[in-house]
Amino acid sequence: MIAQTGYDMNDYDISKHYKEYFISKWPEEGVGYIKAGKFYPLENKAVDKIHSFAVDESFMIDEPEILLHSHTVGHEPTKNSDNPKEPSYLDLLGQINTDIEWGICVTDGEVCEDPVYWGNPDNRPELIGRDFIYNIQDCFALAQDWYYKEMGLTLPNYPRDKYWNRNGENYIMEQYSKYGFVDVALEELKPGDALLYQVQSKVPCHIGIYLGNGQVISHWFGRQSAIESYGKFARYIVRALRYANTK
């Protein structure tokens with residue numbers, strides 16, 4: 001059996017139904033998929049259902065459009081600095097392996113928030129004014145989305161730990177060197193060049209895109225994505241990269 005029966009009502013409201021479903025599953029994570037405007041719940045087969053989910057991969061036979069699951073939080077505020085909207089490493093890996101769009105809804109068992117999505121470059125928030133969410137709305141995601149929107153360039157995503165730079169990984173440089181980017185002198189910047197910043201790190205840990213006229217589009221931790229002056233954080237810039245096919 002691929003999935004439980006999807007809702008089928010004349011007044012069907014997809015968001016109402018998946019939100020009600022995720023609330024009903026709290027404190028466990030709920031999971032299901034969306035296809036043709038309907039939500040189909042799936043059984044969470046994880047051992048630790050409160051902090052993770054696992055499903056029978058046969059649901060992919062139905063050619064789902066989006067996999068949606070919940071992250072659960074308690075009723076009382078906590079001091080945990082992690083954002084419950086953040087996908088885990090396994091979430092990132094799962095999205096890549098299924099090659100469909102994924103979404104996360106946060107619920108406390110009483111209220112279920114709207115989903116945050118990733119994995120579909122054509123369904124992304126506006127470049128300016130995004131809230132910061134590690135791995136799906138951060139500096140790397142902004143750069144990916146900018147290159148897709150402005151240059152038609154698709155940069156593959158890779159699962160990564162939240163604090164990869166603290167673990168000795170040189171993630172940004174490794175990924176961009178794989179996909180046709182080469183070093184360029186800061187004195188020769190052109191619109192579309194990637195700027196790599198090194199802030200309290202042994203490797204570049206932040207990326208922005210030079211827009212020309214002394215402006216950079218960037219998404220710093222804890223802030224909304226914005227256009228800023230090149231000179232504002234210029235002291236942290238250690239490299240500039242250009243897509244090799246850009247003349």
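## Hairpin of strands 8 and 9

Strand 8 and strand 9 form a hairpin, with two residues between them. N213 lies in the turn and has a positive phi of about 55 degrees. The values in this report come from a predicted model.

The two arms of the hairpin run antiparallel, and four bridges join strand 8 to strand 9 (residues 215-218). One pairing within this ladder is that of I209, whose bridge partner in strand 9 is I217.

## Strand 8 and its other neighbour

Strand 8 also pairs with strand 7, which covers residues 194-197. This pairing is antiparallel and likewise consists of four bridges. Within it, H206 of strand 8 stands opposite Y197.

Strand 8 spans residues 206-212, and six of its seven residues are buried, so the strand is largely enclosed by the rest of the structure. Buried here stands for a relative accessible area under 20%.

## Internal cavity

One cavity of 30 Å³ or more is present in the structure. The volume of the largest cavity is about 40 Å³.

Its lining is made up of F140, L155, P156, Q175, Y176 and Y179. Sorted by class, five of the lining residues are nonpolar and one is polar, while none is charged. Tyr counts as nonpolar in this scheme, so Y176 and Y179 of the lining fall in the nonpolar class.

How values were computed:
Residues numbered from 1 in each chain as written. Predicted model: local features only at pLDDT ≥ 70, side-chain atom pairs only at ≥ 80, totals over all residues. Heavy atoms only, no water. Buried < 20%, exposed > 50% of the residue type's maximum accessible area, 1.4 Å probe, protein only. Pairing = 2+ DSSP bridges. 1 Å grid on protein atoms, 1.4 Å probe; cavity = no way out; pocket = protein on both sides within 12 Å on 5 of 7 lines; lining within 4 Å. Points joined across faces, edges and corners; volume = space filled by probe spheres on them.
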